[in-house]
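Student: I am new to this structure and would like a close look at one part of it. Could you show me how helices pack against each other here, and what lies around them?

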Amino acid sequence: QFTHSMSAGSFFRKIDVDALLNFTPLESKESRVVVKAYLALSATVLAAAIGAYLQPIGNGLLGLLVCLALSSSVVFTKYSLSSVPRLGLLFATGFALGSTTGPLLNVAYAIDPSIPMMAFSGTTAVFASFSAAALLAKNRKYLFLGGFLFSTLSLLPLLSLVALLTRSTMLLTAQLYIGLALFTGFVVFDTQLMAAAVRAGDTDFVSHALSLFLDFANIFVRLVSLLARKKSGSSSSKKSGSSRTSRR
């Protein structure tokens, strides 16, 4: 959330209105920047998968602080470092974030070994569809969703806290679905943000890859959680039904 705010804020301080109103296809030079962003995103997802497998950090406070420090360094070194070391920081961010999601994947795998792959396939399909739609759109109207998306994003931690304090399963499930819809919207927003930024002359593909990766990761985590809850609930229902039958 913090990195999303920083990257978007730095863009809108420099945004050229003409770039927002320019709906012509990207030129070859601009397209290369977009391709680099998607290639960097793919490599970061791979780094996250390795981190989830090795799990050297865990999902505690230390892991969150490491992720925050690394992602912030990608944003704040835009003018002080070249693309190569910043790519290293981006991959390290992916590795650390993957490590923090490892324990969740372990639980999901114990419930049903197919959940991680199902969640990854679903995330890839959702991300690819919405990102392509935003990139190929004839206008930049989805950029105006930014205010609503960031406002809703700021409410998610509060909703999570209320769900934990009240131990409400309904609220927790609602929070997961709201977050899923929210970050799907961010895929569209960040893709059009990247296109408008590139149109305005921005060649910082590393920052755009970071924003897109955070969208991908947030969708993936929520899909894993929802699938695990669904599978766990169905398993409990089956066991309950079996025990009742055996008693009879």
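Tutor: Here is a walk through two helix pairs, with a few single residues along the way. Please keep in mind that this is a predicted model.

Let's begin with the setting. The chain contains 9 helices and 0 strands, so its pattern along the sequence reads α-α-α-α-α-α-α-α-α. Of its 248 residues, 43% are buried, where buried means under 20% relative accessible area. If you take the contacts with a separation of 6 or more, 87% of them are between residues 24 or more positions apart. On the outside, the chain exposes about 13,200 Å², and 68% of that comes from carbon and sulfur atoms.

Now for the close look, at the pair α4 and α5. Helix α4 covers residues 61-76 and helix α5 covers residues 83-111. Their axes are 9 Å apart, and the angle between them is about 160 degrees. That makes α4 roughly antiparallel to α5, because an angle over 145 degrees counts as roughly antiparallel. The crossing of these two helices, α4 and α5, is left-handed. On the α4 side, the contact is made by Gly 63, Leu 64, Val 66, Cys 67, Leu 70, Ser 71, Ser 73 and Val 74. Facing them from α5 are Arg 86, Leu 89, Leu 90, Ala 92, Thr 93, Ala 96, Leu 97 and Thr 100. Sorted by class, the residues in this contact of α4 with α5 are 10 nonpolar, 5 polar and 1 charged.

Stay with α5 for a moment and find Ile 111, which belongs to this helix. Ile 111 has a relative accessibility of 33%, so it counts as partly exposed. Apart from neighbours within four places in sequence, Ile 111 touches Ala 228, Lys 231 and Ser 232. Take Ala 228 as one of these partners: Ile 111 and Ala 228 are 117 residues apart along the chain, yet their C-alpha atoms are separated by 6.7 Å.

The second pair to look at is α3 and α8. Helix α3 spans residues 28-54, helix α8 spans residues 169-199, and their axes are 9 Å apart. Here the packing angle is about 140 degrees. That makes α3 oblique to α8, because 140 degrees is not over 145, the cut-off for roughly antiparallel. The crossing of α3 and α8 is right-handed, whereas that of α4 and α5 is left-handed. In α3, the residues Glu 30, Val 33, Val 34, Ala 37 and Tyr 38 meet Thr 191, Met 194, Val 198 and Arg 199 in α8. This contact of α3 with α8 has 6 nonpolar, 1 polar and 2 charged residues.

Finally, look at two loops. Gln 55 sits in the loop between α3 and α4. Gln 55 is not a glycine, although its phi is positive, at about 50 degrees. With a relative accessibility of 26%, Gln 55 counts as partly exposed. The other loop runs between α7 (146-166) and α8, and Arg 167 lies there. Arg 167, too, is a residue other than glycine with a positive phi, near 55 degrees. Its relative accessibility is 76%, so Arg 167 counts as exposed.

Conventions: Residues are numbered from 1 along each chain as its sequence is written. This is a predicted model: local features need pLDDT of at least 70, side-chain atom pairs count only at pLDDT 80 or more; totals for chains, interfaces and linings use all residues. Side-chain values use heavy atoms; hydrogens and water are left out. Helices (H or I, at least four residues) and strands (E, at least two) are DSSP runs, numbered from the N terminus. Buried means under 20% relative accessible area, exposed over 50%, partly exposed in between (1.4 Å probe, protein chains only). Contact means heavy atoms within 4.5 Å. Accessible areas come from the Shrake-Rupley method with a 1.4 Å probe; for residues, only the protein chains shown count as cover. Axes are lines fitted to C-alpha atoms, for helices over the stretch in contact, and angles run from 0 to 180 degrees between N-to-C directions. Angles under 35 degrees count as roughly parallel, over 145 as roughly antiparallel, 65 to 115 as roughly perpendicular and the rest as oblique. A crossing is left-handed if the near helix is turned anticlockwise from the far one by less than a right angle, and right-handed if clockwise. Ala, Val, Leu, Ile, Met, Phe, Trp, Tyr, Cys and Pro count as nonpolar, Asp, Glu, Lys and Arg as charged, and the others, Gly among them, as polar.
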